[in-house]
Amino acid sequence: QVQLVESGGGLVQPGGSLRLSCTASGSILSFNSMGWYRQAPGKQRELVAVISRGGNANYADSVKGRFTISRFVPKNTVYLQMNSLKPEDTAVYYCNADGTQHYWGQGTQVTVSS
């Protein structure tokens, strides 16, 4: 069973930065892609960023230019660097691995507030 463990969430002021980490129990190259999703209260879960097995990254329009997804394969870890954070980025962020099925982490809360 694949396990994804997230870390790095917290409270940050508008304009600040956070880096989320997601470590998989197996090789991240075994998945078609890995990504970050988020879900704000009362809203549907939405894709934030995704990185393919080949290393191509795609972003939601709302985070382009502010967020960067990256990975460190030897540590089976995917990162989400979030800069210039806005209150509307407040949500629970989930790591996702797209393999034979979709696997999800437990989620980490990101709150952007002054």
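Here are some questions and answers about this chain, which is a predicted model.

Reader: What is the chain built from, how many helices and how many strands?
Author: From the N terminus on, the elements run β-β-β-β-β-β-β-β-β-β-β. So that you have the cut-off, a strand here is a DSSP run of at least two residues. The count comes to 0 helices and 11 strands.

Reader: What radius of gyration does the chain have, set against a compact globule?
Author: The C-alpha trace spans about 40 × 25 × 20 Å along its principal axes. With 114 residues, a compact globule would come out near 13 Å, and the chain agrees, because its own radius of gyration is 13 Å.

Reader: Which strands stand at the edges of the open sheet of 4 strands?
Author: The order in that sheet is 1-3-8-7, with antiparallel pairing. An edge strand has a single partner strand, so one side of it is left without a neighbour in the sheet. The twist averages 15° from one strand to the next. The edge strands are strand 1 (4-7) and strand 7 (67-72).

Reader: Which residue in strand 8 stands opposite Ile-69?
Author: Strand 7 and strand 8 (residues 77-82) run antiparallel and are joined by 6 bridges. Across from Ile-69, strand 8 places Leu-80.

Reader: How many residues does the largest nonpolar core have?
Author: Several strands feed this core: strands 3, 4, 5, 7, 8, 9 and 11 each supply at least two of its residues. Met-34, Trp-36, Leu-80, Met-82 and Tyr-93 have the most contacts inside it. The core's total is 29 residues.

Reader: Which residues of strand 8 does Tyr-93 touch?
Author: Leave aside residues up to four places away in sequence, and the partners of Tyr-93 include Glu-6, Leu-20, Trp-36, Val-48, Phe-67 and Val-110. Strand 8 covers residues 77-82. From that stretch, Tyr-93 touches Leu-80 and Met-82.

Reader: Is Thr-108 buried or exposed?
Author: Thr-108 lies in strand 11, and along that strand the side chains alternate. Gln-109 and Thr-111 point to one face and are not buried, while Thr-108, Val-110 and Val-112 point to the other. The relative accessible area of Thr-108 is 11%, under the 20% cut-off, so Thr-108 is buried.

Reader: Which backbone nitrogen lies 3.3 Å from a polar atom of the Thr-108 side chain?
Author: Thr-108 touches Glu-6, Gly-8, Gly-9, Leu-20, Ala-91, Val-92 and Tyr-93, not counting residues up to four places away in sequence. Among these partners, the one whose backbone nitrogen sits at that distance is Gly-9.

Reader: Which strand runs parallel to strand 11?
Author: Strand 9 pairs with strand 11 in the antiparallel sense over 3 bridges, with Ala-91 opposite Val-110. Another set of 3 bridges runs parallel, and there Leu-11 stands opposite Thr-111. That parallel partner is strand 2 (residues 10-12).

Reader: How far apart in space are Phe-72 and Trp-36?
Author: Phe-72 is found in strand 7 and is partly exposed, with a relative accessible area of 38%. Beyond residues up to four places away in sequence, Phe-72 touches Thr-77 and Tyr-79. Phe-72 and Trp-36 are 36 residues apart in sequence, and their C-alpha to C-alpha distance is 15 Å.

Reader: What share of the contacts with a separation of 6 or more comes from residues 24 or more positions apart?
Author: Of the 114 residues, 40% count as buried. For those contacts, the pairs 24 or more positions apart account for 52%.

Methods
Residues numbered from 1 in each chain as written. Predicted model: local features only at pLDDT ≥ 70, side-chain atom pairs only at ≥ 80, totals over all residues. Heavy atoms only, no water. Pairing = 2+ DSSP bridges. Axes fitted to C-alpha atoms, helices over the stretch in contact; angles between N-to-C directions. Core = buried A, V, L, I, M, F, W, Y, C linked by side-chain atoms within 4.5 Å. Buried < 20%, exposed > 50% of the residue type's maximum accessible area, 1.4 Å probe, protein only. Contact = heavy atoms within 4.5 Å. Polar contact = N/O pair within 3.5 Å; in protein donor to acceptor, adjacent residues only side chain to side chain. Rg over C-alpha atoms; globule rule 2.2 N^0.38 Å.
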